[in-house]
Amino acid sequence: MNRKIMNGFIIAGISTLGLLGMAVVTDFKTDDDGLRVYAAESATDADEDVDSTIYNVGSVSKVYVTVAVMQLVDQGKVDLDAPVTDYISEFKMADERYKDITVRMLMNHTSGIMGTTEKNDALLNDAVSTREKDVLECLAKQRLKADPGAYSCYCNDGFDLLMIIVERVTGKDYTTYVEENIAGSIGATTIGTPLNLYGNENLTEVYSNNRRYGNEYVMCLGAGGIYSNAADTCEFGSTFFKGDTRLLSEESKDEMNTLATDTRYSSYGLGWDETDIPMYEDAGVKVVAKGGDSLAQHTELLVAPDEEISVCVVTSGGSSGESKAMAEALMNIALEEEGIEVTEPTSPEVELQFEVPEEYKKYEGWYVSGYFGGIYEVTFPDMKYMQVKSGVETTTEMNFKYTDNGFVKVTGDIETDNVKVDPDYECYAFEEINGKDYVVVEMISNDTYLINRASKSIALERLDINPVSESVINAWKDREDKMYALFTDKYSSYMYDMPFSEIHVIDDTGYVYVENKGMSYILRIKDEDTAEAYSTIPGDRSRDICDANVDEAGIIHTTSGCSLVPLDKCDTLTGDVESVSLRTENATWYNIDDSLANTAISLDRPENSAVYVYDKFGDVIYSSHMKGYGDSIPLPKGGYIAFLGEDGGTISINYEQ
């Protein structure tokens, strides 16, 4: 690869990144001793020292843990189609169907498990956790969202269970296993987990709220806890080249690289996100892909096994979309150098119609988008076009004209029909599956200015009206217009960067919309204090869902491991509060009194503690994790402050005049 071209892509295409590393492995060959040798190049937007920077590769970690289990399959120690309970005796759920979950289902996201145990899954400047215990305890309280094997839906907890299987079968902790059997087998010096890389000087610092936050340690080791530099991640990808059996047999690699589920709306292999990418399939090339995100870092790994090309892009800052687009652009350059031309997807030509067929009138109503947090109202004004309004408290509108392809998004004056197709092609089509109405969305966009990207998925599901009594609705309406805050994670949890949630009752439906800065979801009201996840969308839109229960104190407890306290029940911080006693995994929240508005404080606090200050909108304006902030901490009008730590600790507050 040509370094000038690669740097050109960074400068032209990625201007918002905090830090970026890339590597491309090509030119597979054999030396005189019969050893495989790879020509590898890397580039960054800073200097050569950044090539050694170690990043969290996020969910690319799922390929690592899948490889670990497949190694045990190669050795005859694990059966892919055996129940998970054969290997983890403590694994139980509040749903008898869990006994039917197999090892394979964990790898291809068909287990039916709700999604992610959120408790303490990412820590700042801390790598002490009880992740295995937290996951098993959380799953023990959960039901399944679908029969095991029914459909694929992205699931982090399944890969933490795979990590536990590795430990149970081998008798080694997962970090040691990775060191010896993956990193050691390919000569990688940076591949590890928070448990052996904690404090490593080459770890990238993360950025949040435009501030440096130190190091982020992702503790869900199987689902997202692998760390590496770009070159070693790329080298790991190269082990999937044909003929490379350093980690796995050809049979196991083929198993991983093959479309694992019979569905039009996902292309999972075992561990891989994508095993049949249309633009590469059209060019006659097999490419497998896996993306990864922590809260602050993003990775994309692409491998063309037959052409012997492995591409990795890792960033601190930026976005997963940018990393994916960069990796695909680099893959296309590498393929072009091999004489293979890849044609990017382009928007089809469509003819806008002036009328909507009357048969679509039946599709008017409320729809939900599951994990991606949307509530949508679909209407057909005068049957001239389709209008989609999103949101509850405030709404935005999108307009679509009918075409032979479906309903295509348009911009312009819809009332005068002076419109044109949106440059980012978006086409909606209605589909009935198992007696339910869904909306399938096909999209082609180039929001990174690097490469056109296409996707097709079931995006929306009709919201069936859920009849509940007036007294039940009123119980939930009493919880509206209140701020709820996470309080049960430890002091180092990254989740305190976005701890707030709000509840909105969706009128005349029997559902509530729970919204926070990280994600939002729809819950079906069951009674005055219980609401359950509602989403049956095949594919990723029903990922990371949970049920919720409200206790007598008004605290919301979720089956994903989070508990939220209503801030109107919390104390008010005044100048009389001189110290705060700390409690393990039990944050102390205060509303900031108006008498302290626009003043400042300084703190004396123990090492294992943290303090966050938020404005009235819930945005972080100060965190003790921020680097170089100084000692003076502002107190905004109408804001909030959280004190976090461990049992026995105390934070002293000094009020500045």
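These are my notebook entries on a predicted model of one chain.

**Entry 1: confidence**

I began with the confidence values. The chain has a mean pLDDT of 88, and 90% of its residues reach 70 or more. I then looked for the weak stretches. Residues 1-18 have pLDDT below 50, although the model gives this stretch 46 contacts beyond near neighbours in sequence. Residues 27-50 are also below 50, with 59 contacts counted in the same way. Where pLDDT is low, the predicted coordinates should not be read in detail. I therefore left the particulars of such contacts alone.

**Entry 2: overall make-up**

I counted 13 helices and 37 strands in the chain. Of the 657 residues, 60% are buried. I also looked up how far apart in sequence the contacting residues lie. Among contacts with a separation of 6 or more, 64% join residues 24 or more positions apart.

**Entry 3: nonpolar cores**

Which residues touch the most other members of the largest nonpolar core? I found Phe91, Ile101, Tyr174 and Phe236, in a core of 74 residues. Helix α2, residues 61-74, gives the most to this core, with eight residues. A second, separate core has 50 residues, including Leu124, Met483, Leu486 and Cys546. In soluble globular proteins, nonpolar side chains tend to be buried together.

I went back to Tyr174 for its partners. Leaving out residues up to four places away in sequence, Tyr174 touches Tyr64, Val65, Ala68, Met163, Val166, Glu167, Leu221 and Ile226.

**Entry 4: cavities**

Rolling a probe the size of a water molecule over the atoms shows where empty space is left. How many cavities of 30 Å³ or more are there? I noted five. The largest has a volume of about 70 Å³.

I listed the lining of the largest cavity: Trp476, Ser501, Ile503, Val514, Tyr521, Leu523, Ala548, Val550, Ile556, Thr558 and Leu564. By class, nine of the lining residues are nonpolar, two are polar and none is charged. Four strands each supply at least two residues of this lining: β22 (500-506), β24 (520-527), β26 (548-550) and β27 (556-558).

**Entry 5: second largest pocket**

I turned next to the second largest pocket, which holds about 440 Å³ of space. Its lining has 23 residues, and the closest to the pocket centre are Cys138, Lys141, Thr558, Thr559 and Gly561. I note that Thr558 is also listed in the lining of the largest cavity.

Which element gives the most to the lining of this pocket? I found α4, with four residues. At least two lining residues each come from α4 (131-139), β25 (530-533), β26 and β27. Strands β26 and β27 also appeared in my list for the largest cavity. By class, the pocket lining divides into three nonpolar, eleven polar and nine charged residues.

**Entry 6: Ala127**

Last, I looked up Ala127, which is found in the loop between β4 (122-124) and α4. Is Ala127 buried or exposed? Ala127 counts as buried because its relative accessibility is 12%, and the cut-off is under 20%.

I then checked what surrounds Ala127. Leaving aside neighbours within four places in sequence, Ala127 is in contact with Pro194, Leu195, Tyr198, Tyr217 and Met219. I also took one C-alpha separation: Ala127 and Asn196 are 69 residues apart along the chain, and their C-alpha atoms are separated by 9.6 Å.

Methods:
Residues are numbered from 1 along each chain as its sequence is written. This is a predicted model: local features need pLDDT of at least 70, side-chain atom pairs count only at pLDDT 80 or more; totals for chains, interfaces and linings use all residues. Side-chain values use heavy atoms; hydrogens and water are left out. On a 1 Å grid over the protein atoms alone, a cavity is a set of points where a 1.4 Å probe fits but cannot get out, and a pocket is an open set with protein on both sides within 12 Å along at least five of seven lines; lining residues have an atom within 4 Å of a point. Grid points are joined across faces, edges and corners, and a volume is the space filled by probe spheres set on the points. Ala, Val, Leu, Ile, Met, Phe, Trp, Tyr, Cys and Pro count as nonpolar, Asp, Glu, Lys and Arg as charged, and the others, Gly among them, as polar. pLDDT is the predictor's confidence in each residue, from 0 to 100. Contact means heavy atoms within 4.5 Å. A nonpolar core is a set of buried Ala, Val, Leu, Ile, Met, Phe, Trp, Tyr and Cys residues joined through side-chain atoms within 4.5 Å. Buried means under 20% relative accessible area, exposed over 50%, partly exposed in between (1.4 Å probe, protein chains only).
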